[in-house]
Amino acid sequence: MLSKSVFAVSFVIILLYGNLFIELEAIGVNWGSQASHPLPPATVVRLLQANGIRKVKLFEADTKILGALSRSGIQVMVGIPNDLLAPIAASVAVAERWVSQNVSAHVSSNGVDIRYVAVGNEPFLKAFNGTFEDITLPALQNIQSALIKAGLATQVKVTVPLNADVYQSASNLPSDGDFRLEIRDLMISIVKFLSDNQAPFTINIYPFISLYNDPHFPVEFAFFDGTGDPINDNGRVYDNVLDANYDTLVWSLQKNGFGNLSIIVGEVGWPTDGDKNANMMYARRYNQGFMNRQRAGRGTPMRPGPLDAYLFSLIDEDAKSIQPGNFERHWGMFYIDGRPKYQLSLLGNGNGLIPAKDVHHMGKKWCVLAPSASLEDPQLGPSVGYACDHADCTSLGYGSSCGGLDLAQNVSYAFNSYYQVSDQLESACKFPGGISMIVTRDPSFGSCQFKVMIKSDSSGGEASTKMCLTRSVAVLLLLLMCMYIVL
């Protein structure tokens with residue numbers, strides 16, 4: 001028989017592991033797939049499991065990804081892209097077909113633990129100019145009807161991930177929060193529908209974006225260290241922007257009669273490159289600060305307790321649109337090859353992130369500017385423009401990890417980016433006039449990494465066509481060349 005002391009120790013251990021399990025259940029990650037060379041889904045699922053991540057949010061219903069999540073023990077929120085909202089809103093039959101193919105089939109046959117369907121992604125962004133305002137609620141209603149018909153409405157809940165610009169506060173105090181005037185009636189209709197169906201309100205909160213959009217934004221208020229000037233809202237003290245933003249939503253819901261509606265933070269995180277404030281130090285500070293408060297069970301003044309949240313994001317996406325900014329391709333906690341970018345403890349045991357296993361890189365070869373090439377060669381500008389149009393040059397911007405390169409190194413970086421995304425094809429390093437060459441010595445410089453691409457399912461043809469255009473970077477490089485020639 002166990003002694004009382006042994007029993008007591010065992011009981012404490014059970015409590016500790018039980019608390020850890022509860023805390024991790026509240027933490028998820030966003031898994032985006034806009035990469036030129038994505039890791040195999042099975043590799044990513046093992047990465048999630050190795051790091052104790054039990055919840056994942058997907059932006060679309062990728063059959064291979066959902067298949068890899070089968071019986072993984074990972075809960076899933078599966079997304080419907082905005083471009084599918086119109087057909088789903090127009091036809092219940094289309095909604096039923098979508099649910100049958102992308103939810104029912106995986107839940108029943110493959111054992112995928114789907115908990116939510118995210119209808120659209122930030123459809124009411126001001127940048128969309130109202131494109132999705134008339135179709136989001138009908139799409140939401142039709143998906144709910146389809147889930148009911150499929151017998152899944154109890155297990156799978158609908159939601160709409162929204163940007164924090166759907167609400168505002170004229171005074172910047174959370175207690176003055178309400179939904180944006182031009183969409184207030186629509187928001188109340190959506191909130192009522194969610195409430196009626198016991199579904200959550202999903203909001204994406206980005207302190208980094210606040211800093212990016214406003215050069216006068218107080219930097220310290222973006223983090224969780226309590227070093228920024230606090231806001232006092234009738235006795236409720238806010239020492240960081242996430243709490244203030246979250247509670248602005250809580251007040252918006254409360255004022256309209258839905259104060260008890262559950263809330264999911266669909267995206268929260270910090271990028272590591274592509275802007276002067278997007279760096280490893282800030283990203284680690286923000287994400288570790290967020291994890292520390294989650295483990296401590298800290299919520300907001302209006303909603304005590306850890307938040308139900310999904311970190312953004314798991315892995316970098318080098319083919320993602322950079323329309324919002326160059327940082328868009330650098331939100332990952334991991335590089336595209338599954339290597340951790342910085343020390344981050346998710347489990348609270350002091351250990352860092354565990355890298356992906358069995359990832360294979362291409363040969364240690366790089367494409368660079370040939371020593372014999374002239375920086376005044378008229379072929380140089382168009383070549384760099386072409387390379388950056390078809391690859392990722394977002395690390396070359398001001399304040400970014402490769403922002404300190406000289407002109408020749410900038411050109412080499414562009415050439416190598418195209419060479420790697422083209423699977424190191426010899427023809428991808430044959431720019432006009434013999435201005436490029438393949439080398440076997442790593443040209444990385446300081447914080448600037450000249451990547452070697454991984455081998456993946458996309459290797460061998462389609463990678464370059466998947467890259468989004470980066471003409472702004474190419475134009476910047478052309479301007480730098482002109483300045484160099486003039487000087």
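A residue counts as exposed when its relative accessible area is over 50%, and as buried when that area is under 20%. Keep those two cut-offs handy, because lysine 64, at 60% relative accessibility, passes the one for exposed. You'll find lysine 64 in helix α3. One thing to bear in mind as you look around: this is a predicted model.

Let's step back for the overall picture. The chain has 487 residues, and 53% of them count as buried. It holds 14 helices and 15 strands. If you take the contacts with a separation of 6 or more, 72% of them are between residues 24 or more positions apart. Lysine 64 gives you a pair with that kind of spacing: proline 40 is 24 residues away in sequence, yet the two C-alphas sit 8.8 Å apart.

Stay in that part of the chain and look at helix α2, which covers residues 41-50. Its buried residues are Pro41, Thr43, Val44, Val45, Leu47 and Leu48. What lies over them? The cover includes β1, β2 and α3, and α3 is the helix that carries lysine 64. Just past the end of α2 comes glycine 52, with a positive phi of about 70°. On the other side of α2, the loop that runs from β1 to α2 holds histidine 37. That histidine is buried, with a relative accessible area of 1%, and its side chain makes a 3.0 Å polar contact with the side chain of serine 36.

Now for two buried residues in strands. Isoleucine 114 lies in β4, residues 113-119, and at 0% relative accessibility it counts as buried. What does isoleucine 114 touch, leaving out residues up to four places away in sequence? The list is Val76, Val78, Asn102, Val103, His106, Val107, Gln155 and Val156. Lysine 55 is 59 residues from isoleucine 114 in sequence, but their C-alphas are 9.9 Å apart.

The other one is glutamate 267, in strand β12, residues 263-268. Buried or exposed? With a relative accessibility of 5%, glutamate 267 is buried. Its contacts, again leaving out residues up to four places away, come from several stretches of the sequence and include Asn30, Lys57, Phe59, Asn121, Ile205, Tyr206 and Tyr310. Phe312 also touches glutamate 267, and that phenylalanine is worth a second look.

Most residues other than glycine have a negative phi, and most peptide bonds are trans. Phenylalanine 312 and serine 313 are joined by a cis peptide bond, with omega at about 0°. Serine 313 sits in the loop between β13 and β14. Then there are two non-glycine residues with a positive phi. Arginine 71 has a phi of about 50° and lies in the loop between α3 and β3. Asparagine 172 has a phi of about 70° and belongs to the loop between β7 and β8. Where do their side chains stand on accessibility? Arginine 71 is exposed, at 62% relative accessible area, and asparagine 172 is exposed as well, at 60%.

Let's finish with some helices. The axes of α6 (residues 136-149) and α7 (residues 184-196) come within 11 Å and cross at roughly 10°. Angles under 35 degrees count as roughly parallel, so α6 and α7 are roughly parallel to each other. On the α6 side, the contact is made by Leu137, Leu140, Gln141 and Gln144, and α7 brings in Leu186, Ser189, Ile190, Phe193 and Leu194. Sorted by class, that contact has 6 nonpolar and 3 polar residues, with no charged ones.

Helix α9, residues 241-255, is our last stop. From first C-alpha to last, its 15 residues reach 21 Å, close to the 21 Å expected at 1.5 Å a residue. The helix is mostly covered, with 13 of the 15 residues buried. At its N-terminal end, asparagine 240 acts as a cap: a side-chain oxygen of asparagine 240 lies 3.1 Å from the backbone nitrogen of leucine 242. After α9 you reach glycine 257, with a positive phi near 90°.

Definitions and conventions: Residues numbered from 1 in each chain as written. Predicted model: local features only at pLDDT ≥ 70, side-chain atom pairs only at ≥ 80, totals over all residues. Heavy atoms only, no water. Axes fitted to C-alpha atoms, helices over the stretch in contact; angles between N-to-C directions. Helix = DSSP H or I, 4+ residues; strand = E, 2+ residues; numbered from the N terminus. Parallel < 35°, antiparallel > 145°, perpendicular 65-115°, else oblique. Contact = heavy atoms within 4.5 Å. Nonpolar A, V, L, I, M, F, W, Y, C, P; charged D, E, K, R; others polar. Expected span 1.5 Å × (residues − 1). Buried < 20%, exposed > 50% of the residue type's maximum accessible area, 1.4 Å probe, protein only. Polar contact = N/O pair within 3.5 Å; in protein donor to acceptor, adjacent residues only side chain to side chain.
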